[in-house]
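Please look through the structure below with the sequence beside it, and keep both at hand while reading the paragraphs that come after.

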Amino acid sequence: MDVSYLLDGLNERQRAAVSAGEQDMLVLAGAGSGKTRVLVHRIAWLIQVMNYSPFSVLAVTFTNKAAAEMRGRVEKLLGRDVQRMWIGTFHGLAHRLLRAHYQDAGLPQNFQILDSDDQLRLLKRTIKALNLDEKQWPAKQAGWYINGKKDDGLRPQHIETWDPAEKTFLQIYQAYQEACDRSGLVDFAELLLRAHELLRDNKHVREHYQKRFRHILVDEFQDTNQIQYAWVRLLAGADNHVAIVGDDDQSIYGWRGAQVENLQHFLRDFPRADTIRLEQNYRSTSTILKAANQVIANNSDRLGKDLWTEGTEGEPITLYSAFNEQEEARYIVAQIKQWQDQGGALSDVALLYRNNAQSRVLEESLLYASLPYRIYGGLRFFDRQEVKDAVAYLRLVSNRQDDAAFERVVNTPSRGIGERTLSLVRELARNEQTTMWNAARKMVNESMLSGRARNAVASFLDLIAQLEVECADQPLSKQTDRVLKGSGLLAMYQAEQSDKAETRVENLQELVSATESFMPSGEEDMTPLAEFLAHAALEAGDEQADAYQDAVQLMTLHSAKGLEFPLVFMTGMEEGTFPSQMSSGEPGRLEEERRLCYVGMTRAMEKLVMSYAESRRLYGQENFHRPSRFIAEIPSELITEVRVQTRIEQPAARRSRFHTSASHEAFSETGFQLGQRVLHQSFGEGTVLNYEGTGPQSRIQVNFDDAGSKWLVVAYAKLTPL
Ligand code: ATP
Ligand code: MG
């Protein structure tokens, strides 16, 4: 049989790796050098040439998306399906193992996975049952503690501590685990730990899989944690062969317990492994590659790799310096439109950012421009739990009868209104055909509840009434701020110490920004709050572009790992945003940020655009930042700088080329010129930046000296030319 096609489209070293005999190997190579491609071809080779059944191959990837893609590519190469091959993430495979051997794993057959939200709720109940004060022992923190211990392979009985605080967390861990075991629940960390214990403690199970999985292949090995590596070692008996691929320069999950040292441990533990280095990059233009290589060269302790390309030089990297984040987003949208006009597909475009909260402004600009988009690995801004909580408070303050909002926040943060009390309220509301609010009011007034429940409900009703008074006649952003603080929502997330809680606090503060720059159209029968709520609801309810629709791809830099796109935007390239504030002063974390930058840059195939905003309103605060140090690390000859100048420095006509959405005829219609100075009643003086639409719908973008950049409806804005 002619199998040479399995080696087509591979270079010499890749071929050597793909067609290697029965052996262990490490493919250590930089971004875009074909590591994942080698894995795919290797699997096909094992099956087609070495006659392994798909059944005896185990492949591990980092995301489910990558796993599905890998299976698809193998099937395409082989021309048949490989359903029997195990391919998935560590979590997915652990789940599969536990399902198959639930008895040996000590689980009931119908055990269920507990997702992060469920885990939190169970922890809350556990903490309450232990009669601990939830404020002092937040469930989030307990979860963080427990998951960390599980990732290190530790059960409560393995942990000894003299620290009184840790003793309490240990007690919670113990009780929580008992509750999980009683109800047959398995959290994410437990999946990995239990699968590990299953293999470790059951010789027959271990030997079964060692016999079965003759070849084990792992992608993105640099981001495995301790328990995942321990797993691989257990599965690899004397006669198994392990092939791992990785890139130490792309290790970006150290903060979550990943150990890049696993690459070296592998060489120690599998001494017969061949190391294969790939040095040719097939993904990016030489300009992009050179720039990325220069940036990563600033890190120390690298295993060291050369990466070159035969690719074309391509276009220089565009560096765009915006006044602020709104203007940054508008520039990006204009560029995407241009790409589209030139026949480019939207799905070939990726917008990358450091933090989820940064997506809001980008999303709004895309929506406004009617460009479909898809967010990977995260919810859209107005769909996020904490944002929905906050919006529910705003809704309730503006309309007490809003039952959905009432239900959502009546006991968030927890104020001792239990499910039992709520069901009484629901029942009364149902019987009297009224709203939850009215029913609750009645139950309080007529003492239809027991003392404690009555007090709890009464204080919630009072809180909403109080917030309503405080919010009256306040600007929208003040109202939001009051609600976040008065409701205890902000404090609740602030008290929790986990990365996710941190993000939630940031998102809440970002909501204040959103209300600040929200420009009500001034419709007569709607308050600004009502208008904003409608806007939020529409945005949240709007369908995500579906998987098959041509849509711009939005994701954090972390979730872009392993992917590639012809056109990549890296946004928010500012000190304090990227590298993040938290990493400054910590060399280890700063280097991880730099690796993240390397990951971001090397996603780009044809064109890379980096942008930063001189002032950024994020998390409710306007900040002025210097451009990211990573920009300075790119040789300047590889960069073209695009900058919006102030009126004095550059005449309006020239600037307009940066705003392709503005048409010249439309301009004259408004009576305003680009770069013109104008006065607004509340925002003060500013400079006209851009213009959009015609007739009564026309909008104008003004960069106000104090209030920042805003889009205004010309008909309502009452601007005075200066
Ligand atoms: P990353 O580190 O980002 O995960 P990688 O090393 O896994 O990158 P791949 O995604 O496998 O790289 O390959 C990058 C791109 O180069 C892909 O589009 C792939 O199809 C292409 N490619 C890989 N090897 C070759 C080759 N020998 N000839 C032509 N194209 C190749
Ligand atoms: Mg890859």
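The paragraphs below go through a sheet, a ligand shell, several helix contacts, a hairpin and some backbone details in turn.

This is a predicted model, and a convenient place to begin is its open sheet of 6 strands, which are ordered E3-E2-E6-E7-E1-E8 and paired in parallel. The edges are occupied by strand E3 (86–88) and strand E8 (274–278), each of which has a single partner strand, so one side of each is left without a neighbour in the sheet. Averaged over the sheet, and with direction ignored, neighbouring strands are turned by 10 degrees against each other. At the E3 edge, the parallel pairing with strand E2 (residues 57–60) is made through 3 bridges, and in one of the pairings between these strands Ala-59 has Ile-87 of E3 as its bridge partner. As a general point for anyone inspecting side chains here, those of a regular strand alternate between the two faces of the sheet.

The next stop is the ligand. Ligand 1 has 19 residues around it, and those that come nearest are Gly-34, Lys-35, Thr-36, Arg-37 and Tyr-282. Helix H2 (residues 35–48) supplies the largest share of this shell, namely 3 residues. Sorted by class, the shell around ligand 1 consists of 10 polar, 5 charged and 4 nonpolar residues.

Helix H2 also leads on to a helix contact, since H2 packs with helix H3 (residues 64–78) at an angle of about 45 degrees, the two axes lying 9 Å apart. An angle of this value falls outside the ranges counted as roughly parallel, roughly antiparallel or roughly perpendicular, and H2 and H3 are therefore oblique to each other; their crossing is right-handed. On the H2 side the contact is made by Val-40, His-41, Ile-43, Ala-44, Ile-47 and Gln-48, and on the H3 side by Met-70, Arg-73, Val-74, Leu-77 and Leu-78. In this contact of H2 with H3, 8 residues are nonpolar, 2 are polar and 1 is charged.

A second oblique pair is formed by H4 and H8. Helix H4 (residues 90–100) packs with helix H8 (residues 188–201) at about 55 degrees, with 9 Å between the axes, and the crossing of H4 and H8 is left-handed. Here H4 contributes Phe-90, His-91, Ala-94, His-95, Leu-97 and Leu-98, while H8 contributes Phe-188, Leu-191, Leu-192, Arg-194, Ala-195 and Leu-198. The contact of H4 with H8 comprises 9 nonpolar residues, 2 polar ones and 1 charged one.

How are helix H6 (residues 139–151) and helix H7 (residues 164–183) set against each other, and at what angle do they pack? Their angle is about 75 degrees and their axes are 10 Å apart, which makes H6 roughly perpendicular to H7. The residues that meet are Ala-142, Tyr-145, Ile-146 and Lys-149 in H6, and Phe-169, Ile-172, Tyr-173 and Tyr-176 in H7. The contact of H6 with H7 includes 7 nonpolar residues and 1 charged residue, with no polar residue among them.

Further along the chain, strand E14 (residues 604–618) pairs with strand E15 (residues 621–624) in the antiparallel sense, over 4 bridges. One of the residues taking part is Ser-615, whose bridge partner in E15 is Phe-624. E14 and E15 form a hairpin with 2 residues between them, and in the turn Tyr-619 has a positive phi of about 55 degrees.

The last group of details concerns the backbone. Most residues other than glycine have a negative phi, and most peptide bonds are trans. Against that background, Asp-301, a residue other than glycine, has a positive phi near 55 degrees; Asp-301 is placed in the loop between helix H12 (286–296) and strand E9 (317–324). The peptide bond from Thr-412 to Pro-413 is cis, its omega being near -5 degrees, and Pro-413 belongs to the loop between helix H16 (403–409) and helix H17 (419–431). Phe-578 and Pro-579 are likewise joined by a cis peptide bond, with omega at about 5 degrees, and Pro-579 is located in the loop between strand E13 (565–570) and helix H24 (587–601).

Methods
Residues numbered from 1 in each chain as written. Chains lettered and ligands numbered in written order. Predicted model: local features only at pLDDT ≥ 70, side-chain atom pairs only at ≥ 80, totals over all residues. Near = placed C-beta within 6 Å. Nonpolar A, V, L, I, M, F, W, Y, C, P; charged D, E, K, R; others polar. Axes fitted to C-alpha atoms, helices over the stretch in contact; angles between N-to-C directions. Parallel < 35°, antiparallel > 145°, perpendicular 65-115°, else oblique. Left-handed = near helix turned anticlockwise from the far one by under 90°. Contact = placed C-beta atoms within 7 Å. Pairing = 2+ DSSP bridges.
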